[in-house]
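Reader: Hello! I would love a close look at the cysteine bridges in this model, and a word on a pair of packed helices if there is room. Could you walk me through them?

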Amino acid sequence: MFRRLMFLLPALVFVAIAGYFLWGLGPARDPSAVPTAMIDKPVPDFDLAAVPSLGVPGLATADLAGGEVVMVNFFASWCVPCRAEHRYLTAFAEQTGVPLYGINHRDKPEDAAAWLAELGNPYRRIGADPGRAAVEWGVTGVPETFLIDGAGRIRFHHRGPMVPEVIDRDVMPLLRVLKP
Amino acid sequence: MKALLLAAALLLAGALPGFAVEPDEMLDDPVLEQRARALSAEIRCVVCQNESIDSSNAEIARELRLLVRERLAAGDSDRQVFDYLVARYGDFVLLRPPMKPTTYLLWFGPFLMLLFGVVAVFVYFRRQRGGAAMPPALSAEEEERLARMLAEGATEERGPKKA
């Protein structure tokens, strides 16, 4: 009996290795994706001044614990995917009523102002970040987006543009839980 | 001998890839700066593939280098600096994976494979030395039959020679 099972061993080893390769090479896995450690953590300590000449206030930790679900988006005028996601974020904020806050990452104030004048400004608050706030938030680049619950905890973190696929697949179901 | 080793080490150090640390980032205290360099070599530039912040020119790497130096200057231990970064970027930010239950297989897997191989080789050679397994001993009845056959054969063999 045992001897007969031994003949199955190579086949079992093959199945195990093939399964691993299938998972490793599958299109659903992105090996360059950077994992996030921010989920369920409270919003980090930060306090950013407003971008001059924009007419919207700056952003600090205290603004994110107001008992309301909010979205925080890191963006820059020099960032091409930010331009691509801009209209989807604008539409999201309009349709759901979720306040959208921006963090303007490593940008010149006049460039940011020109960019928002061209594309429209969906942000209720914008903080100017010379670089350190991004590290505090575990951000690796722009654009990155967070959803904060009413208690000021991070519930969603996405690296890359907020395309409709991401909004429909990840954000909307979470929003239904957080804001029934 | 010591001098020779030192010379060799210095030569080899010169052969390492260039570092991205810029003069304006460096700390005035050479001891702290040395610690910062050592730590930086262990921290992954999160947007590069397998490059440390010490050798990367990415903006985020520069930001992290500055941060490491700030934390050290503020009196943080090496452990605290790592913890600070891991809290924000996860274990991914460490170039050397930490030892913990989820990484045991990663750390001990090679030794496990070695053990498996050693056992396999051991079993293989034991079987070879033992030769084919011995058949069961003959019963009394078979022994008797064998003795009879040998005796018959012996007489037959001797027979023709005598004739």
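Author: Here is a short tour of the disulfides, followed by one helix pair. Please keep in mind that this is a predicted model.

Happily, there is something to look at: over all chains, the structure holds two disulfides. A disulfide is a covalent bond between the sulfur atoms of two cysteines.

In chain A, the partners are A:Cys79 and A:Cys82, with an S to S distance of 2.1 Å. The torsion about their S-S bond is about 90°, so this disulfide is right-handed. Both A:Cys79 and A:Cys82 are buried.

In chain B, B:Cys45 is joined to B:Cys48, S to S 2.1 Å. Here the torsion about the S-S bond is about 55°, and therefore this disulfide is right-handed. B:Cys45 counts as buried because its relative accessibility is 0%. B:Cys48 has a relative accessible area of 14%, so B:Cys48 is buried, the cut-off being under 20%.

Now for the helices of chain B. Helix 2 of chain B (residues 30-40) packs against helix 3 of chain B (residues 59-73) at an angle of about 135°, and their axes are 10 Å apart. That angle makes helix 2 of chain B oblique to helix 3 of chain B. The crossing of these two helices of chain B is right-handed. Residues of helix 2 of chain B in this contact include B:Leu32, B:Glu33, B:Arg35 and B:Leu39, while helix 3 of chain B brings in B:Arg65, B:Val68, B:Arg69, B:Leu72 and B:Ala73. The residues of the contact between helix 2 and helix 3 of chain B divide into six nonpolar, one polar and five charged.

Conventions: Residues numbered from 1 in each chain as written. Chains lettered and ligands numbered in written order. Predicted model: local features only at pLDDT ≥ 70, side-chain atom pairs only at ≥ 80, totals over all residues. Heavy atoms only, no water. Axes fitted to C-alpha atoms, helices over the stretch in contact; angles between N-to-C directions. Helix = DSSP H or I, 4+ residues; strand = E, 2+ residues; numbered from the N terminus. Parallel < 35°, antiparallel > 145°, perpendicular 65-115°, else oblique. Left-handed = near helix turned anticlockwise from the far one by under 90°. Contact = heavy atoms within 4.5 Å. Nonpolar A, V, L, I, M, F, W, Y, C, P; charged D, E, K, R; others polar. Disulfide = S-S within 2.5 Å. Buried < 20%, exposed > 50% of the residue type's maximum accessible area, 1.4 Å probe, protein only.
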